[in-house]
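Subject: Structure for you to look at

Hello,

Here is the structure I said I would pass on. Please open it alongside this message; my notes follow below.

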Amino acid sequence: MLAAWANSPTRFREDANAEEDLLLGGYADRWLVELAQNAADAAQRAGTPGRLVVRVVPGQAQSELRVANTGAPLDTPGVSALASLRASSKRDTDSVGRFGVGFAAVLGVTSEPRIVSTGGGVVFSTARTAEEVAALPGAPADELRRRGGRPPVLRLCWPLSSDDPPPRGYQTEVRLPVHAGTDPGELLATAESSAADLLLALPWLAEITVVGADGDAVVHRRTDHPDGTVTLEPGPARWLLVRRAGGGLQRNGGPGPAGGRAVEDRSDWTVCWAVPLDAAGRPRPLDEDVLHAPTPSDERLSLPARLLASMPMQPSRRRIRTGPDTDAVLLEAAAGYRELVLALPPADRIALAPRPGFPRSELDSALREAITSALADTAWLPTVAGKDVRPSDGVVLELPVPAAPELTAPLADVVPGLLADSVTGAPRAVLAELGVTSLSLAGLADRLAEVRRPAKWWHQLYAALAPAVDGLPTAREELAALPVPLVDGRTVTGPRTAVALPGVASSPGSGLISALTELRLPALRIVHPDAAHPLLYRLGTAEAGPAELLDHPSVAEAVDRSVADSEDGMDTAALAQLVLGLLGEMGEIGPETLAARPWLAGLALADIDGEPCRADELMVPNAVLAPLLVADAPVGVLAAELAEAYPRRVLTSVGVLDSFALVVDEQPTEPDHELADEELWWDATEQPPAELVAVRDLDLVDDEAWPAALAVLAGDPVYRPALRAAGGYTTWWLARHARLAGRPPRHWRLPSATALAGLFDELPAEVRAAAGAMADELLAAIGVRADAAVRDNADAADLLTRLGDPARTPDAALTWAAYAELADAVLEGRIDPDELDPPERARAMDGSVLDAGRAVLLDRAWLAPVLTEAETVAGRLDAEGIDALAELLDLPLASEVIVGQVVSGAGRECRWAALPEVVAACAAIGEPVPEGTLWLHERLTVELTRPETRRLDVPVWRQGGCWHATDPVRALLAALTG
């Protein structure tokens, strides 16, 4: 070697670089792996399972890591291989270590490795090799200096005396004085954590002992069992193994690039799959691992089991070589994986199905593809029928939770290939990756469509299916076509089309079923009692007590066409008997029954002449409504036999009239309720009503019968929502069309409204007495006056007419209040002056009536003394109110008509705050004392020039922005009111 280096300095550099690359690259931190491989190879050559012991021997200068093994001792070819590069002595065997470079891994631990064996020993030395190289002439010494004095260590070796042999029972020991700064405890910890994986990977290595610094030894041992499992102790950990081996991988012209293997790497192939088992012997799939070739590589895998295989590897032993040989081993590995899957009990096999997701490496992708292909052609998935099937022939129910045996068992012969419960618990993505068919609930319902089974079989199926679909929002839609057996022997599609009758006997001769059969309602399908289950109710089957059966769509449809059917000669008596009979059994029924089921009003019933009519076009004999209606009201009288056969409450619940009918619509959208003048009322409302509650047929009341009609409305609480609805139709219509003593309600006042006596007549006592209970509230709601409120233009016109009526005698307070209310109505937009004609006559402050052309509107209180009460109209003194009244009445303002000057002298100027009576008055009314001054006069005379020239004495006058007064308090009031 020294001669070669001396003759070729480049060779020295190549050897140094190659050893450095191995140490820094592929073999870094692999000292235990490489030594364990050598120990396994030694055991194989000896033909006995190998043992390995790792320990640390303390030293004064440095500690020494020692690794001893059993098996064939070190021999001369072995020494030659250790001292060469890529020239292993194991080239013609199937040994694990056969590349001749693995021993370089010890240089990560030491610079002076020694090997002692029962046949001798050798030592490699960094220092001695450096000395030899330094003595060489020329370039090698220069290169050594350039490399910092570090030569290729494993090219020169020296004999080692056998004074210190391997431990008893071991044939070879590698002794590694550890580098300064290296913690021997960490080296032992590495050995401890790696022992189990090495025992699994190296079949010829059966035991690894790690001796701690305290002398305690931990023995890791592998035990092989006949069933293909191995146990690793301590633990114990148990693995299931499947091994395959063979030869013949040299193809495509032999070794080299075409074959995919180097000359030194052409041994036969081996494949081993291993999966850990739990205490019960069931697989514990791995989440992630690496290829073991057979020791760990850098090829990441995502399979649930560990692969140990003799793959063609790169020299670093970290990565595989790609090529045909690798592809061939992958196919054998896929076949071995299939054997591993089949070696498990059927219930556990799905645990080894490859998990979908991104592959961890290129090898992982190729291996998963090969395994998936191998499993696709194999019958390995168990079914509920006890037979294994290929994934493509398997079917799994698409449920939010795994299906229970109670569900899958009845379906065994209905759904071929239905996979066993142990499989259906796997993630759906795993099953989809295998090609398993996912059967949705809708698909299951379709497959069941042609199935004919006894009713009890269906009940068992429903009971098993219920928990599986519990909480599934789409279950109702997906199972819309689920078959349902009926009492008549048919099996129909769809729970929503069926009706269950709890407590009704299954015999077709039972009374209710016979009646339904007579009606011949094809859409009304009765579930067989033996099949009835709550699941059907969840899926839309109606549980028909009297109310539910009444609400079935087919009944409503039959009622809707019953009049037309009757007119066509069909007998609808059975339908009337069914509907009225069900209502009779419902217990609490009333107007709300019809409000919730407006279609009931279309039920065909016979009138006294035997003619079919809608129920809501009839009234019971002796109806409360009968004496209230006009003579030609389009309401017939119910046939006497029907009136006698059913209670009045039952008949009225289908719309037959006894009293007024109530119309209820919780979400009205348009005036389509057949109420008189409904469109006018709808247009009069500021916004569409949120809810409609109205009394029907008010337009049929005779004018002379209104007091009695109001008594009916007031006396029955059922009408109160309609009468109390703000802005509701009923009170709106009554206010316009009802007649009390021949007049509309707004003509009258309530007896309690005595303040209105001068303008409105009291409602006649006989009318009020006839109206009965709730009289004042009802009468006020329909417009009988409780006050002088002006709600609309009609009220305004009526009030103006009354104010201008000389026959009316309102007092001053009522007159003032009436005009003030008119002003408020204008300001608040309740009336529009442009839509009202100005009155021809007005009510003056003294109560007299005068032509509007002579009237003046008082807008300043202090001008009142110069006007006569007979010509003055008043109702507001604020600016906005005055403007509103002026616009409505079309009258001139007093301030525009009166012009005058003070002619009684200047008077005496006084500050408001200096006048005790002003201060006291302000305190009494809660107003601040005005700023500034006023002029006090003993006598205050003004000369008027408009409307005529004259002189008058007045208590207060305003001139040029100043107040003049004889009475300071009256001046204060004038100032406060403007």
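The protein has 36 helices and 42 strands, where helices (H or I, at least four residues) and strands (E, at least two) are DSSP runs, numbered from the N terminus. This is a predicted model, in which local features need pLDDT of at least 70, side-chain atom pairs count only at pLDDT 80 or more, and totals for chains, interfaces and linings use all residues. Residues are numbered from 1 along each chain as its sequence is written, and side-chain values use heavy atoms, with hydrogens and water left out.

Overall form: the C-alpha atoms fill a box of roughly 155 × 100 × 55 Å, taken along the principal axes. Of the 978 residues, 49% are buried (under 20% relative accessible area, with a 1.4 Å probe and protein chains only).

One helix pair: H26 (residues 706-715) packs with H28 (residues 729-737) at an angle of about 165°, and their axes are 13 Å apart. Axes here are lines fitted to C-alpha atoms over the stretch in contact, and angles run from 0 to 180 degrees between N-to-C directions. H26 and H28 are therefore roughly antiparallel (the term covers angles over 145 degrees). Which residues of H26 meet H28? They are Trp706, Leu710 and Leu713, and on the H28 side are Trp733, Leu734 and His737; contact means heavy atoms within 4.5 Å. By class, this contact has 5 nonpolar residues, 1 polar and no charged ones (Ala, Val, Leu, Ile, Met, Phe, Trp, Tyr, Cys and Pro count as nonpolar, Asp, Glu, Lys and Arg as charged, and the others, Gly among them, as polar).

Regards

Notes:
Angles under 35 degrees count as roughly parallel, over 145 as roughly antiparallel, 65 to 115 as roughly perpendicular and the rest as oblique. Buried means under 20% relative accessible area, exposed over 50%, partly exposed in between (1.4 Å probe, protein chains only).
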